[in-house]
Amino acid sequence: MTDVPSIAQQLQTAFPVLAPASPSGNGMVQYRLDQAQLPEIARHLHHQLHGRLALLFSVDGRPFEETHELHYLFAFGTGQPWILLTSKLAGQNRLFTSITPSIHAAQWYEREIRDLFGLIPQGHPDLRRLVRHEHWPKGTHPLEKTVPWNTVMERQQGEYRFRHIEGEGVFEVPVGPIHAGIIEAGHFRFSVAGEPIMQLEVRHFWKHRGIEKLFEQQRLTAAVPLAERVSGDTTVGHSLAYCQAVETLLGIDVPRRARYLRSLLLELERLHNHLGDVGGICNDTAYALPHAHCGRMKERLMQLNDRLTGSRFLRGVMCAGGVTRDVSAGQIDDTVNEVNRIEADFSELESIIVANASLTDRLEATGVLTKRTAWDHGVMGVVGRASGIDQDVRRDRPFAAYDELPVNVALYRYGDVRARMRVRMDEIHESIRLIREIRRTIPTGPIAGEPAHQPQQGEWALSAVEGWRGEILYVVIAGENGQIHRCKVRDPSFANWPAIQWAVIGNIIPDFPLINKSFNLSYAGNDL
Amino acid sequence: MFRILKKSLKTGVVTGQHPQAIQPSSEPLAPEVRKKASAFNRSLTIREVDTGSCNACEMEMNALTNPVYDIERFGIHIAASPRHADALVVTGPVTVNMEKALKDVHRQTPDPKLVIALGDCAINCGLFKGSYAVTGPVDRLIPVDIRIPGCPPRPADILKALTDIQERP
């Protein structure tokens, strides 16, 4: 480790004028830059030093300061700190330089900032609206501090301009926002000539509920229920990420037992979702048998969750400081016995699934997401690991009890539907192993810590959690008297959705549901 | 082949292996709703519409189709199009962006139809009440016949509420 200069050192060698801002701490190095320098340094971080753009967000400084701040967060490999580039727009200045032309992953972030804050990314190749659909009045940017949180705006006329492909025999197939199955709301526009897909355009944000603004109305310690409802299937992932950020702000030392219980809950959540997905992928190839078996096993896990915590989705368990309820030794034994039974059950099913040649034929080489495309989009989590992106927060930046529970990361490189299913299958076994490990090593002790101090206004914290879909990021900025000034939520779906547009090209429309299921991204977590 | 058969035999029948519905799942049906519902007798086709839920309600609706709850045994089917549906099951607080889609879907569903608001968000907007992006609850935009509370309601509760509809007056 000592031989190789850290990313921060490498960056400062390339740009000697740079100096890290005041104590960054927390595994992060922050640089304050002006707009002119920023694109070049961001490009260097991304292309030369292989930094992944993990998050790009804006903060309205009002009422304390008449500024907007833009934050660019880059992630590197295991053991490297985050690099955060910050640039300030003073007063009425609403223009900033877009980095999308050189860093593709920034495209949705910059459009989101434009919609929600009214800051304009100059040089962005696509300035259509993203979050605010066309019927939102011009010039209304809901995350600006001057806009009230509770006033619904009027509607205006407007039409979204899809990208069109024209030519003989090319036609468009619109799908959504209300779909055929029991799934969430989103719109997909296919351009096809015959059966193969030439282009897919994903249009989301139908479910935009204004969550980030709702956070700003809450107190730091009271917003956990809201975090749980960002994306219902990732209740633990989101609430844990939120709690960790708040604990940093309040200086809470989370007791070891609570950290183990958090890992236990997170693995239980991963388990039931992955089981559902393996079944769902089989079902979308009309192979109903594994779907039925997976549905049955998933239901047993949901009932286990219910017995353990009183909620099938593990709601109400996480709190700032630890967890709200302890789990007795008997309950942990019950959990381990149940997941052991499920592992034996699932292993039998797995051998049936992988032995089916016609299923394999359908899954292989379908919906290929190449490593290059995945990298360009900053794809993460299950989808990334199936395309050879070796990244897992549990290993790279251990949180909860993962510093004492090493995780074996599943990694495949083909990037097709089958690889994504294999990642999930491997992770099911790994989660069960971790749950057994937790029973063996869980310490006794208290389950919640107390706040050490109140955060200063403007103090902020970043937290990352490997939810079952991938890396969940929360940035929480404290306001006055324990209020939240800003809470930026980033579900992995936000980065992964644009990548699906590339994975489907050349596939036939009937395979789209299968590919979509193999990604299984959250609409709610994306739309916020 | 033998492996598949062995697995199925070993598993046996799992239908009904779930805890019973604990809470009275919804308020008693109003007489006019019961009259309207009587047309559907033992065959009810539902269309699920998500208007901004956190997707937990969707997961519980999906759970109803698994072998444990097996909703089809009660003659309840899930249709792919509102045009084939007798009842709309609406989840979520109705976002500004979904408002028009919800009204469209309601118009496209043939009469007579039932509207079921599923989950606290659909009934009273839940935690999203008041947000600049939410115009619900559902009954502000379309008439609601049946309400199933919970965040999210357990599948057993949903099942009970849906089979209640089929009870003869």
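# Exercises on a predicted two-chain model

B:S43 is exposed, since 12 other C-beta atoms lie within 10 Å of its own. The structure is a predicted model, and the exercises below are to be solved on that basis.

## Exercise 1. The surroundings of B:S43

Determine where B:S43 lies in chain B and how far B:S43 is from B:L64 in sequence and in space.

Solution. Begin with the assignment of helices and strands: B:S43 belongs to the loop between α2 (31–37) and β1 (44–50) of chain B. Next, recall the cut-off for exposure, which is 12 or fewer other C-beta atoms within 10 Å. B:S43 has 12 such atoms and is therefore exposed. Finally, compare positions: B:S43 and B:L64 are separated by 21 residues in sequence, and their C-alpha atoms are 16 Å apart.

## Exercise 2. The fold of chain B

State how many helices and strands chain B has, and decide whether chain B is as compact as a globular protein of its length.

Solution. Count the elements first: chain B contains seven helices and five strands. Their order along the sequence is α-α-β-α-β-β-α-β-α-α-β-α. The globule rule gives 15 Å for 169 residues, and the radius of gyration of chain B, 17 Å, is close to this value, so chain B is as compact as a globular protein of that length. Along the principal axes, the C-alpha atoms of chain B fill a box of roughly 55 × 35 × 30 Å. Now consider burial and contacts. Of the 169 residues in chain B, 53% are buried. Among contacts in chain B between residues at least 6 apart in sequence, 85% join residues at least 24 apart.

## Exercise 3. The contact between the chains

Identify which element of chain B supplies the largest share of the side that touches chain A.

Solution. The contact involves 41 residues of chain B and 43 residues of chain A. On the side of chain B that touches chain A, at least two residues come from each of α1 (2–11), β1, α3 (56–63) and α4 (99–108) of chain B. The largest share is that of α3(B), with six residues. Sorted by class, this side of chain B has 24 nonpolar, 11 polar and six charged residues.

## Exercise 4. The two domains of chain A

Describe the division of chain A into domains and the contact between these domains.

Solution. Chain A is divided into domain 1 (7–122) and domain 2 (211–315 + 329–527). Over C-alpha atoms, the centres of domain 1 and domain 2 of chain A are 27 Å apart. Domain 1 of chain A gives 17 residues to the contact, and domain 2 of chain A gives 19 residues. On the domain 1 side, β2 (52–60) and α3 (107–117) of chain A each supply at least two residues. The most comes from β2(A), with six residues.

## Exercise 5. The largest nonpolar core

Explain why the largest nonpolar core lies between the two domains of chain A, and examine the contacts of A:V476.

Solution. The largest nonpolar core has 203 residues, and A:V476, B:V90 and B:I116 have the most contacts inside it. Helix α7 (residues 256–283) of chain A provides the largest share, 12 residues. Because domain 1 and domain 2 of chain A both give residues to this core, the core lies between them. Leaving aside residues up to four places away in sequence, A:V476 touches residues including A:A245, A:V246 and A:L249. Helix α6 of chain A spans residues 235–250, and 15 of its 16 residues are buried. Just after α6(A), A:G251 has a positive phi of about 65°.

Key. Residues are numbered from 1 along each chain as its sequence is written. Chains are lettered from A and ligands numbered from 1 in the order in which they are written. This is a predicted model: local features need pLDDT of at least 70, side-chain atom pairs count only at pLDDT 80 or more; totals for chains, interfaces and linings use all residues. Helices (H or I, at least four residues) and strands (E, at least two) are DSSP runs, numbered from the N terminus. The radius of gyration is taken over C-alpha atoms; the globule rule is 2.2 Å times the number of residues to the power 0.38. A residue is buried if 20 or more other C-beta atoms lie within 10 Å of its own, exposed if 12 or fewer, and partly exposed in between; C-beta atoms are placed from the backbone. Two residues are in contact if their C-beta atoms, placed from the backbone, lie within 7 Å. Ala, Val, Leu, Ile, Met, Phe, Trp, Tyr, Cys and Pro count as nonpolar, Asp, Glu, Lys and Arg as charged, and the others, Gly among them, as polar. Domain bounds come from an automatic or database domain assignment. A nonpolar core is a set of buried Ala, Val, Leu, Ile, Met, Phe, Trp, Tyr and Cys residues joined through C-beta atoms within 7 Å. The expected span of a helix is 1.5 Å times one less than its number of residues.
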